[in-house]
Amino acid sequence: MSHDVVNQPPPRVDLDEYATNAALVEGVERHDAAWAHHRLHLTGQRVGAASFQRDAERANRHEPVLHTHDRYGHRIDEVEYDDAYHRIIGAAVADGAHTSAYVEPMPGANIARAMTFMLYAQIEPGHACPVSMTHAVVPVLQQHDQDEWLRRTFSTTYEPELRVGKHSALFGMAMTEKQGGSDVRANTTTATPIGDGRYVLNGHKWFCSAPMSDAFLVLAQAPGGLSCFLLPRILDDGARNGIRIQRLKDKLGNRANASSEVEYEDAVATLVGEEGRGVRTIIDMVARTRLDCVLGSTAGMRQATAEAAWHARHRSAFGRTLIDQPAMTAVLADLQLETEAATATALRLARAHDDDATGEEIAFRRLATAVAKYWICKRGPGHAYEALECLGGNGYTESFPLAMRYREQPVMAVWEGSGNVIALDVLRALGRDGDSLAAFDAEVARAAGADRRLDDWIAHTRRLADDVASDPQPDAAARRLVSALALALQGSLLVRHAPHAVADAFCAARLSGDPFGGALYGALPPGVDAAAIAARA
């Protein structure tokens, strides 16, 4: 009959998403986290289950709803999420996707946490926002004696209800205001001291992600200048704090997660750090969330590549499966190359955040995190589009996950500093922090002599860095330099650690001056082993 379904791939469900990702498994061994294999397999099986994937789809279709008042007219400012969202974030918290690296601070702890975070974000990215911010707030809480809040962030219990006496806590962050955007020093929200380290905040925030979090780090203008505050959603006596959710943002993607505009009306907050040192206080949180942008974009690349490869392995045309046709093999190999490079970079950065990091490692991550955030997050949207096209018309429908992924990837490039902000941050770091550039260069140079194309690229990047440093107006070249630094790091990591087919193809396609290399996926140079690379997808 004409309605018999043939030549369609089976659902890509009930797989171990960790075991099927060769680059992740290899990264665990390379970065001292072999002790986490078993738990990562369990997480991989959980997120690969058909039920989890149905929840992911449902959470993105049944979007959060704002309730400003209850039926009696009381102001409540609550966001209602679908039960599927609660199941997803509850599982992620139970598996330690937020703060496990701090609870078990051993070598490889940040690798295990990063992989857990990535496995969950691969299937449902919206919930990853509050998970990431809770992870990122820990260094700030540690440095400023917020022991009770710290204890609550370490909990693996998810408690979405608003009440006093909760054992757990999730954190959000609110910096951006509509008149300033990235220029947070233009903020106008005021903080008036009321004694005992407490202040009342009045003003607005243009973006407050995850407004149902238990507490937030907020920037506001105190008498001594721009300062950082810890703002709880509920006060010690059980009263709701003066946080008024004005509306939820109608976003391109990230639909399962609520982002909001908020007004503060005498909202009570506690000063964190010193007055006038707000940016300095919150910068560690920003750095960690930037790392999670890299992890999230990489997770999205993995989902996109895996879905495209699954389709190509189970779909036939013109007498052969798609993956065996050279044009498709080249596209899948190129998508996998991008995923491998992002994965290697993300895991190297995560390992540099462990407690045993040396001074050189800390200097390396200061520069490399910004470089990777710029490059990997910018590569995400184009990568998602190409993978979507591999599925043809199916990929363009909301019945398959790549439409969601295509809408999702741009947020990682925007969140925590869009392209120009990050590129200029890199320039400032290079200008004032010679240790970071030296540590970055030392890391890249560990592959010296292994591949002539990489050696030439590193030399080119060093010349470019020197030229930018001597340029009285370097801003115009910032993006070129950051892109060159990112490719040098990715090339070095792959040459040292990836299979030869992957490293050779990356150098040929990304570092050799081919006008098509990396511009459009699938235009690989002659001689690369596309089939071997595609097999890793």
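Phe506 is tucked away in this predicted model, buried with a relative accessible area of just 1%. The residue sits in helix 18, which covers residues 500-510. Its C-alpha atom is 8.4 Å from that of Glu338, although the two positions lie 168 residues apart along the chain. Glu338 is itself buried, at 2% relative accessibility.

Glu338 also leads into the charge pairing. Its side chain meets that of Arg379 in a salt bridge, with an N to O distance of 2.8 Å. Arg379 belongs to helix 11 (residues 359-390) and Glu338 to helix 10 (residues 326-351), so this pair ties together parts that are 41 residues apart in sequence. Arg379 is buried too, with a relative accessible area of 14%. Glu338 thus turns up twice in this part of the model: as the salt-bridge partner of Arg379, and as the residue whose C-alpha atom is 8.4 Å from that of Phe506.

Salt bridges come up elsewhere as well, and the structure holds 40 of them. In general, side chains of opposite charge can pair when their charged atoms come close. Arg351 and Asp354 make one such pair, at 2.9 Å from N to O. Here Arg351 counts as buried at 12% relative accessibility, and Asp354 counts as buried at 3%. Arg453 and Asp451 form another salt bridge, with 2.7 Å between N and O. Both partners are again on the buried side of the cut-off, which is under 20% relative accessible area: Arg453 comes out at 17% and Asp451 at 14%. Beyond these pairs, a network of salt bridges links Arg348, Glu361, Glu443, Arg446 and Arg496.

Charge also shows up on the outside. Asp466, Asp467, Asp471 and Asp475 gather in a surface patch of negative charge. One of these, Asp467, lies in helix 16, made up of residues 452-470.

Turning to the cysteines, the model has zero disulfides. For Cys208, the closest cysteine sulfur is that of Cys129, and at 9.1 Å the gap is too far for a bond. Cys377 is in no disulfide either, with the nearest cysteine sulfur, in Cys293, 5.2 Å away. A disulfide calls for two cysteine sulfur atoms within 2.5 Å, so a separation beyond that does not qualify. Both Cys208 and Cys377 are hidden from the surface in the sense used here: Cys208 is buried at 2% relative accessibility, and Cys377 is buried at 0%.

The backbone has a couple of oddities worth a look. Most residues other than glycine have a negative phi. Ala210 goes the other way, with a positive phi of about 55 degrees despite not being a glycine. This alanine is in the loop that runs between strand 5 (198-209) and strand 6 (215-222), where Ala210 is buried with a relative accessible area of 4%. Asn254 likewise has a positive phi, near 55 degrees, in a residue other than glycine. Asn254 is placed in the loop between strand 8 (243-248) and strand 9 (259-272), and its relative accessible area of 8% makes Asn254 buried.

Key
Residues are numbered from 1 along each chain as its sequence is written. This is a predicted model: local features need pLDDT of at least 70, side-chain atom pairs count only at pLDDT 80 or more; totals for chains, interfaces and linings use all residues. Side-chain values use heavy atoms; hydrogens and water are left out. Buried means under 20% relative accessible area, exposed over 50%, partly exposed in between (1.4 Å probe, protein chains only). Patches are made of residues with over 30% relative accessible area and no salt bridge: like charges are joined within 9 Å, nonpolar side chains (Val, Leu, Ile, Met, Phe, Trp, Tyr) within 5 Å. Accessible areas come from the Shrake-Rupley method with a 1.4 Å probe; for residues, only the protein chains shown count as cover. A salt bridge is a side-chain nitrogen of Lys or Arg within 4 Å of a carboxyl oxygen of Asp or Glu. Lys and Arg count as positive and Asp and Glu as negative; His and the chain ends are not counted. The place of a charge is taken as NZ of Lys, CZ of Arg, CG of Asp or CD of Glu. Helices (H or I, at least four residues) and strands (E, at least two) are DSSP runs, numbered from the N terminus.
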